[in-house]
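Biologist: Got a minute to go through the aromatic rings with me? I'd like to hear the reasoning behind each label.

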Amino acid sequence: MFWAWQDILQKQEQSEYKNWYDIISFKSAEKEFSYKGWLNINSLPEIKKVNITTERKIGHPYEGDINEGAKKHIFEVTRRWLAPNGDISKGVDGFRLDVADHIGLVFWRDFRKFVRNIQPEAYLVGEI
């Protein structure tokens with residue numbers, strides 16, 4: 001299980017990662033812990049979407065982004081895979097981005113720029 005999610009499960013409202021996900025309610029005397037799962041699947045907590053300016057419809061792109069902390073982490077992991085220890089010759093050649101329509105175009109534009117700044121020849125393909 002992802003370390004940031006484990007932190008939320010343990011610390012609930014005190015977790016520094018609580019804004020990475022779409023939490024509906026934290027555990028209290030009155031409420032159970034609940035959150036939005038990707039496609040309503042509770043075993044797949046969904047990263048919080050932000051700054052959405054167009055309708056979200058499965059199979060269609062939308063204008064929006066994800067939580068800044070989660071985005072920063074994804075970019076750090078991306079850098080590590082593209083250029084381990086700063087060496088692009090030892091990195092991956094690209095990424096297949098599954099269910100790309102479930103993440104907003106603001107994120108994908110920023111991701112593409114980020115990847116191209118590290119490895120201009122990296123291959124990116126989005127699956128919908």
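Biologist: How many aromatic pairs does the count come to?

Modeller: This is a predicted model, and the count comes to 17 aromatic pairs.

Biologist: What makes the pair of Trp5 and Tyr35 edge-to-face?

Modeller: The ring centres of Trp5 and Tyr35 are 4.7 Å apart, with the planes at 75°. Centres within 6.5 Å make a pair, and planes over 60 degrees apart count as edge-to-face, so that's the label for Trp5 and Tyr35. The two rings also link distant parts of the chain: Trp5 is in helix α1 and Tyr35 in strand β2, 30 residues apart. Both Trp5 and Tyr35 are buried.

Biologist: And why are Phe95 and Phe111 called edge-to-face?

Modeller: Their centres lie 6.0 Å apart and the planes are at 65°, so this pair is edge-to-face too. Phe95 belongs to strand β5 and Phe111 to helix α3, so the pair ties together parts 16 residues apart in sequence. Both are buried, and they belong to one aromatic cluster with Phe75, Phe107, Trp108 and Phe114.

Biologist: How do you know that the charged end of Arg80 sits over the ring of Trp81?

Modeller: That charged end is 5.1 Å from the ring centre of Trp81.

Biologist: Why does Leu39 count as partly exposed?

Modeller: Leu39 has 43% relative accessibility; exposed needs over 50% and buried under 20%, so Leu39 counts as partly exposed.

Biologist: What makes Asn85 exposed?

Modeller: Its relative accessible area is 85%, and the cut-off is over 50%. Asn85 lies in the loop between α2 and β5, and has a positive phi of about 55° although it's not a glycine.

Terms used:
Residues numbered from 1 in each chain as written. Predicted model: local features only at pLDDT ≥ 70, side-chain atom pairs only at ≥ 80, totals over all residues. Heavy atoms only, no water. Phe/Tyr/Trp six-rings, centres within 6.5 Å; stacked < 30°, edge-to-face > 60°. Helix = DSSP H or I, 4+ residues; strand = E, 2+ residues; numbered from the N terminus. Buried < 20%, exposed > 50% of the residue type's maximum accessible area, 1.4 Å probe, protein only. Lys NZ or Arg CZ within 6 Å of the ring centre and 35° of its normal.
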